[in-house]
Amino acid sequence: DLANESWDYNNDPNNSTNNGRLYSWSGAANAAPTGWHLPTDDEWKILEAELGMSTSDLNLSGYSTPRGTDQGTQLKVGGSSGMEFYPAGYRYNGTYDALGDRTYLWINTTVGSDPYRRRLVVTEPYVYRFTNPQAGYAISIRLIKDN
């Protein structure tokens, strides 16, 4: 759906029932209804700290740099946080991958023009934090209600 720059995984609406849609960076910026917003890196770190991540791990960054202990497990489907993140996969330049394996989430904080993301992997307990170029990617979002 180019109107809001979001897609169903493999263009199949059934995949969005649990997983939600995959949003481009600009689509994510426009997806929040009034009263809601895409969380910042600092807001994510507050959540991660509340789930028990050590202060020393909060600022670690890198696609494969483990952070925390079991915070990723707590955030996934069936986890103790109640957040229920499904492994929704991603879309890159029109090709879909990683459904059932991992999910990526846009974070409303950039380093230059590269947004932060979070990555959760089904078989790993961590919450990965890294930046990546925005171009070509469509990934998951989770919104926060404004105060």
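Which residue follows α3, and what is its phi? G52 does, with a positive phi near 105°.

This is a predicted model, so local features need pLDDT of at least 70 and side-chain atom pairs count only at pLDDT 80 or more, while totals for chains, interfaces and linings use all residues. Residues are numbered from 1 along each chain as its sequence is written, and side-chain values use heavy atoms, with hydrogens and water left out.

**View 1. The two sides of helix α3 (residues 41-50).** Helices are DSSP runs of H or I with at least four residues, strands are E runs of at least two, and both are numbered from the N terminus. D41, W44, K45 and E48 are the buried ones here (under 20% relative accessible area; exposed is over 50%; 1.4 Å probe, protein chains only). They sit on the same side of α3 because they cover an arc of only 100° around the axis, taken from the directions from the helix axis to the C-beta atoms. Flip to the other side and you find D42, I46 and E50 exposed. The cover over the buried residues includes α4, α5, β6 (102-111), β7 (114-121) and β8 (128-131).

**View 2. R67 in the loop between α4 (55-58) and α5 (71-75).** R67 is buried, at a relative accessible area of 0%. Leaving aside residues up to four places away in sequence, its contacts (heavy atoms within 4.5 Å) include K45 and E48, plus R118 and R129. A polar atom of the R67 side chain also lies 3.3 Å from the backbone oxygen of L60.

**View 3. D8 in the loop between β1 (6-7) and α1 (16-19).** D8 counts as buried too, at 13% relative accessibility. Beyond four places in sequence, D8 touches P13, S16, R21 and Y96.

How values were computed
A polar contact is a pair of N or O atoms within 3.5 Å; within protein, one must be able to donate a hydrogen and the other to accept it, and residues adjacent in sequence count only if both atoms are side-chain atoms.
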